[in-house]
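Here are my notes on the model you sent over, point by point. Have the structure open while you read, since the points hop around a bit.

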Amino acid sequence: MKLKSSYYLHQDVIFLAKDLLGKVLYTKIDDDITAGIIVETEAYFGVQDKASHAYGGRRTSRTEILYNEGGASYVYLCYGIHHLFNIVTSVEDDPNAVLIRAIEPIIGKEIMEMRRNMPASKPAISSGPGSAAKALGINASFNKKDLTGEEIWIEDHAIRYTPDEIAEVPRVGVEYAREHALLPWRFFIKSNPYVSKPNKI
DNA sequence: TTCTCGATGCGCT
DNA sequence: GCGCATCGAGAAT
């Protein structure tokens, strides 16, 4: 059920970003367990990806975790407000990551409602990377966690999607690299209500 | 040490 | 659809 550390060592971050759709992300905080189905992801191609914090091999105290081998979490604060949760993948010194952009709440909905101060019936409760992280109680303290540990982990609930249920969206605003502009880097479950707004079709 | 701005969300219009 | 909140990492000085 729980994904093993070897799962995260896959070197094709595109494959993992797609394969993670349908997996279930869990957090446990003071015995409060919340979980949701991953319905939207985004792949970050390490040194090749200008949008990646590790672009060009940049290596700082913040990005150091990205150079670890797969299976760790990378959480950082965006716009001074939102915590974004990433899964570090691939082998050591290959700083790939998958951003979790949206989840569908399935366990601990009441807890998520308190954290988000809105009913779980509202897709906005976990739609978008900042919202999904907050619903799961993910904050800066979740940075550099082992994803096979007891605080945060991912399970395979045998939820499978056919290729036509998965949308692969080319990245927008990537005029900087023509060969990357056509690269589909965003993946989501078509018509799932929890998918963040810019990606709905 | 200082300045800039971002892998965004939300409330108001 | 638009604008703002809010702060730390990274780069410039």
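1. Let's begin with DNA strand C. The surface near this strand divides into two nonpolar, three polar and two charged residues. Keep in mind throughout that this is a predicted model. The residues surrounding DNA strand C are Arg58, Thr60, Arg62, Thr63, Tyr79, Gly80 and Ile81. Of the strand C atoms that come within 4 Å of the protein, 68% belong to sugar and phosphate.

2. Which atoms of DNA strand C do Arg58, Thr60 and Arg62 approach with their polar side-chain atoms? For Arg58 the partner is a phosphate oxygen of strand C, at 3.3 Å. Thr60 also has a polar side-chain atom by a phosphate oxygen of strand C, here at 2.5 Å. With Arg62 the partner is a sugar or linking oxygen of strand C, and the distance is 2.9 Å.

3. Now for DNA strand B. There are 16 residues around this strand, and the ones that come nearest are Tyr79, His82, Asn86, Arg116 and Gly128. Sugar and phosphate make up 44% of the strand B atoms that come within 4 Å of the protein. By residue class, the surface near strand B has eight nonpolar, seven polar and one charged. Tyr79 is worth clicking on, as it is listed around strand C and among the nearest residues to strand B.

4. Where does the protein meet the bases of strand B? His82 puts a polar side-chain atom 2.7 Å from a base oxygen of DNA strand B. Ala51 uses its backbone: one of its N or O atoms is 3.1 Å from a base nitrogen of that strand. On the phosphate side, a polar backbone atom of Gly130 sits 3.1 Å from a phosphate oxygen of DNA strand B. As for whole elements, β3 (73-78), β4 (82-89) and α3 (129-135) each give two or more residues to the surface near strand B.

5. Next, take a look at β3 and β4 as a pair. The two strands run antiparallel and are joined by six bridges. One of the pairings is between Val75 and Phe85, the latter in β4. Three residues lie between the strands of this hairpin, and there Tyr79 takes a positive phi near 55 degrees. Is β3 enclosed or open? Five of its six residues are buried, so β3 is largely enclosed by the rest of the structure.

6. Helix α2 (residues 109-116) has two distinct sides. Its buried residues are Ile111, Met112, Arg115 and Arg116. Down the helix axis, the buried residues of α2 fall within an arc of 125 degrees, so they line one face. The general rule behind this is that an α-helix has 3.6 residues a turn, so residues three or four places apart point the same way. On the face turned away from the buried side of α2 you will find the exposed residues Glu110 and Met114.

7. What covers the buried residues of α2? The cover includes β1 (24-29), β2 (32-44), β5 (96-107) and α3. Remember that Arg116, one of the buried residues of α2, is also among those that come nearest to DNA strand B. Just after the helix, Asn117 takes a positive phi of about 55 degrees.

8. Thr41, in strand β2, is worth a look too. Is Thr41 buried or exposed? Its relative accessible area is 0%, so Thr41 is buried. The side chain of Thr41 reaches the backbone oxygen of Ala17 at 2.7 Å. Setting aside neighbours within four places in sequence, its contacts include Leu20, Leu21, Val98, Ile100, Trp185 and Phe187.

9. Ser196 is in the segment after β8 (184-189). Its relative accessibility is 4%, which is why Ser196 counts as buried. Not counting residues up to four places away in sequence, Ser196 touches Glu40, Arg101, Ala102, Ser127 and Gly128. Gly128 was also named above among the residues nearest to DNA strand B.

10. Last, a contrasting case: Gln48, in the loop between β2 and β3. With a relative accessible area of 52%, Gln48 is exposed. The C-alpha atoms of Gln48 and Ile103 are separated by 27 Å, and the two residues are 55 apart along the chain.

Notes. Residues are numbered from 1 along each chain as its sequence is written. Chains are lettered from A and ligands numbered from 1 in the order in which they are written. This is a predicted model: local features need pLDDT of at least 70, side-chain atom pairs count only at pLDDT 80 or more; totals for chains, interfaces and linings use all residues. Side-chain values use heavy atoms; hydrogens and water are left out. A residue is near a molecule or strand if one of its heavy atoms lies within 4 Å of it. A polar contact is a pair of N or O atoms within 3.5 Å; within protein, one must be able to donate a hydrogen and the other to accept it, and residues adjacent in sequence count only if both atoms are side-chain atoms. Helices (H or I, at least four residues) and strands (E, at least two) are DSSP runs, numbered from the N terminus. Ala, Val, Leu, Ile, Met, Phe, Trp, Tyr, Cys and Pro count as nonpolar, Asp, Glu, Lys and Arg as charged, and the others, Gly among them, as polar. Buried means under 20% relative accessible area, exposed over 50%, partly exposed in between (1.4 Å probe, protein chains only). The arc is that of the directions from the helix axis to the C-beta atoms. Contact means heavy atoms within 4.5 Å. Two strands pair if DSSP finds at least two bridges between them.
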